[in-house]
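User: Could you take a close look at a single part of this structure and walk me through it slowly? I am a first-year student, so please explain the terms as you go.

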Amino acid sequence: MIATTPLEAWIREKARIGPGLVARLFAEALQDYQLRLVNETIAYARRHTPFYGRHLASLPATPLVSLSDMGRIPFTNPLDLADHPFGFLAVPQADVARVVTLRTSGSTGKAKRLFFTEEDLELTVDFFHRGMSTLVRPGQRVMVLLPGELAGSVGDLLVRGLARMDVHALAYGPVRDPLHAAHAIASFGASCLVGIPTQALAVARSRAGAAIGKGRIESVLLSTDYVPGSLVEALEKVWDCRVFNHYGMTEMGLGGGVECEALDGYHLREADLYFEVVDHQTGEACPDGVMGEVVFTTLTRRGMPLIRYKTGDMARTIPQPCPCGTSLRRMERVKGRWEGAVSLGPETTLTLSDMDEALFRLPGLLDYRAAISKGREGRVWLNIDAHKEEGDGLTEREVLAMLFTVDAIRIAIALDALEMPTVRFSTDGCWITTGVSKRKIVFTADPAA
Ligand SMILES: [Zn+2]
């Protein structure tokens, strides 16, 4: 029996939608609520932020009459944030409780700044509280392998949210040493972990992580980056646990959506955020079930409202109803990022997520980095820096064999567009992703450097 996502009851409360409505009427009531808050957000942002005052200057002052009119509103791009650090701030600086600085991936090295008021942070704590009730129950212990030292950081807000349901959580921080993290998990007695996908995998596949044994870890929530299916399977295999995906980014106020017990796509934080999926090239709305870019609008944020913010994430909605019985929408697990895919020729695009699906099937692989550079005679050169535990028998040949299961790689080699990939191993773990930045294919002048 699959329990209905707790997000439904939470969203009904927040949007003041009675419990008795049938699915169709519930969907309509939620859309009415979202439309009202989208209009309020637009009016608020125009009045209180210099950026939207200019950006939306040509938009008529009359409110939208339908969410299908969202297409008339221009997108907000991540670079807009970097270019106008204070242009999005809608409150006096004294009301800002937390500032998060994010480096952009562009070559300019500009940073994005995100501002949150105390009320904004409370919205996130509330979401974490209700969302986490999908996978933990009162009395359990949760180890949070995310940054948590600072007040208002993701780990801190999660610990606060969990305390509201009598769950004791510890913000351990990102994993720097899988062995140390595994020991900390065991001694804390955690039965639920929250962490970054590749870091959770590195812990599970370390000897100390595997020694935690099957059945002790009941659930794992993966967050901050997209999650390869092969990685989920690997975690399930080591710990015999349920693996939930959380979708979120700092710009969303950290939380965006979380899977229910059906483990098949996220239910979204629809009382606080309005989500769209649009064609990555044209910006037109994608029909249900068609892959596009995720775009969101904040509905309840005071410090820094964002309108039609382009996430760069690739996903699609799932038209079929969820087995958990909710009438909320579902979004398929994010497939990766539009940015950073490497074209190796017509119809041959290499993505990190395709490589992830293949490589994380190798039991000895803890993590890896893929680097691309210019090869000979116009060819592309791909190098894999693979990380394994000292003494593990994983070979270069096995990694290469798995790489050849990736269509883009096989085709590009056959078409002479890609050099034979190279593989290097390390065992010290020093380059395991320690931050919360999203992984991507790295471009280097020389991958062997
Ligand atoms: Zn569901």
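Analyst:
**The zinc site**

C260 and H267 are both buried, where buried means under 20% relative accessible area, exposed means over 50%, and partly exposed lies in between, with a 1.4 Å probe and protein chains only. The model is predicted, so local features need pLDDT of at least 70 and side-chain atom pairs count only at pLDDT 80 or more, while totals for chains, interfaces and linings use all residues. Residues are numbered from 1 along each chain as its sequence is written, and side-chain values use heavy atoms, with hydrogens and water left out.

These two residues belong to a set of four, since the zinc ion is coordinated by C260 through SG, H267 through NE2, C322 through SG and C324 through SG, at 2.0 to 2.3 Å. Donors here are N, O and S atoms within 2.8 Å of the metal (3.2 Å for Na, K and Ca), and because water is not among the atoms, sites may look incomplete. Along the sequence, the donor residues of the zinc ion follow the spacing C-x6-H-x54-C-x1-C.

As for geometry, the angles among the 4 donor atoms of the zinc ion run from 105 to 112 degrees, and the site is tetrahedral, a term used for four donors if all angles lie between 85 and 135 degrees. For comparison, the ideal angle at a metal with four tetrahedral donors is 109.5 degrees.

Notes:
Four donors count as tetrahedral if all angles lie between 85 and 135 degrees; four count as square planar and six as octahedral if opposite donors are over 155 degrees apart and all others between 65 and 115; anything else is irregular.
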